[in-house]
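Open the model in your viewer and keep the selection box handy. This tour goes stop by stop, telling you what to pick and what is there.

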Amino acid sequence: MELFIRRTHRTQAIIFTVIGFFIVLSVTTFGAMYVLAQPASTSSERLAVKTPNLGRHFQEFGHEGSILIYDLKNNGFYEHNPQRNATAIAPASTFKIFNALVALETGVVPDDVAVLTWDGIHREIDAWNHDTNLRQAFKDSTVWFYQVLARKAGYERMQQFINKVGYGNRQIGTAADIDRFWLQQQILQITPKEQIKFLQRLYQGDLPFSQRTINLVKDIMVREQTPDYILRGKTGWLTTTKPNVGWFVGYLEQNKNVYFFATTLDMDKAEDAPTRIEITRRSLKDLGLLAKIN
């Protein structure tokens, strides 16, 4: 009988040991599953593991700068230099997008091909020294042409549209600043993040302008168009800061998706200008874009 009891106790001990082992194993296993199942707190964190090193492009060219790319379908951001992407500066010639919207909406110019006469003042860029229209002036970034548009639109109407859209810090200075407020660092300012929000609203038609106006501006923004993608954008060069800052903003339509981008680059000479575009292109290619779709 005593032997039977000892054997029974021994059997129970083995059973409890085995049960305890499986309990520990289950807790450990399910605990690991729970941790792995936890989603990242933000979309940018979810993308962080897969995001390519966009900063290396700036290093290759030896320039400081930033880039922010927004993937509309996946609601995620890719970026280099987050602090700079949240810092406001003057939009420089990227403001031509907004300026063109106002000019067309107010009838300052009836369409994209109506010609304004050159004032005869010789400027440093040869492409500016002739009569031109909205479309060509956008392509050449002809400052005097868009200054004329701003003066014709007038201070009050320009401020009204700035307020309606909520563009940047909404500051356009005084009436005397009507033809240069986007070129002066201490007046109108916008962050790269705000640039992308504005471009997203433009793409979606969510701005206080007619569909005709929006469609025309979208069309003049086209830089490249292939059977696989459409790239729209506008450059800018802020010369009232040291160092100067170059902009390149726009959006790419490809793979039934839209990718908005805003790039800034420290630069001081004309030879640096193509770099802001090249860095943007390389960054988009890192995401598998701007390539032929098979």
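Before we start on strands, one definition: two strands count as paired if DSSP finds at least two bridges between them. Keep in mind, too, that this is a predicted model.

**The whole chain**

Start with everything shown as a cartoon. You should find 11 helices and eight strands in the protein chain. Of its 294 residues, 47% are buried. Switch on a surface and you're looking at about 15400 Å² of accessible area, 55% of it from carbon and sulfur atoms. As for contacts between residues at least 6 apart in sequence, 61% join residues at least 24 apart.

**Strand β8**

Now select residues 257-267, which is strand β8. How many of its residues are buried? It's 11 of the 11, so the strand is largely enclosed by the rest of the structure. In a regular strand, side chains alternate between the two faces of the sheet. Colour the two sides separately here: Asn257, Tyr259, Phe261, Thr263, Leu265 and Met267 sit on one, with Val258, Phe260, Ala262, Thr264 and Asp266 on the other, and both faces are covered.

Next, add the partners:

- Residues 65-71 are strand β1, which runs antiparallel to β8 and is joined to it by seven bridges. Pick out aspartate 71, whose bridge partner in β8 is tyrosine 259.
- Residues 244-254 are strand β7, also antiparallel to β8, with 11 bridges between the two. Here valine 245 has aspartate 266 as its bridge partner in β8.

Zoom in on the turn of the β7 and β8 hairpin. Two residues lie between the strands, and asparagine 255 takes a positive phi near 55°.

**Leucine 265**

Stay in β8 and click leucine 265. Is leucine 265 buried or exposed? Its relative accessible area is 0%, so it counts as buried. Draw a distance to phenylalanine 248, 17 residues away along the chain: the C-alpha atoms are 8.7 Å apart. Then show what touches leucine 265 beyond its neighbours within four places in sequence; the contacts include Phe58, His63, Arg84, Val245, Asp272 and Ile279.

**Aromatic rings**

Show the side chains of Phe, Tyr and Trp. The structure holds 18 aromatic pairs. Go to phenylalanine 95 and tryptophan 182: the ring centres are 5.4 Å apart and the planes are at 20°, so this pair is stacked. Phenylalanine 95 is in the loop between α4 and α5, and tryptophan 182 is in the loop between α8 and α9, so the pair ties together parts 87 residues apart in sequence. Phenylalanine 95 is buried at 0% relative accessible area, and tryptophan 182 is buried at 2%.

For another geometry, select tyrosine 203 and tyrosine 251. Their ring centres lie 5.5 Å apart with planes at 70°, so the pair is edge-to-face. Tyrosine 203 belongs to helix α9 and tyrosine 251 to strand β7, so this pair links parts 48 residues apart in sequence. Tyrosine 203 is partly exposed at 26% relative accessibility, whereas tyrosine 251 is buried at 0%.

Then widen the selection to Phe95, Phe98, Phe161, Tyr167, Phe181, Trp182, Phe198 and Phe209, which form one aromatic cluster.

**Lysines over rings**

Last stop. Lysine 164 lies over the face of phenylalanine 161, 5.4 Å from the ring centre. Jump to phenylalanine 138 and you'll find lysine 234 over its face, at 5.6 Å from the ring centre.

Notes. Residues numbered from 1 in each chain as written. Predicted model: local features only at pLDDT ≥ 70, side-chain atom pairs only at ≥ 80, totals over all residues. Heavy atoms only, no water. Buried < 20%, exposed > 50% of the residue type's maximum accessible area, 1.4 Å probe, protein only. Helix = DSSP H or I, 4+ residues; strand = E, 2+ residues; numbered from the N terminus. Phe/Tyr/Trp six-rings, centres within 6.5 Å; stacked < 30°, edge-to-face > 60°. Lys NZ or Arg CZ within 6 Å of the ring centre and 35° of its normal. Contact = heavy atoms within 4.5 Å. Areas by Shrake-Rupley, 256 points an atom, 1.4 Å probe, with all protein chains shown as cover.
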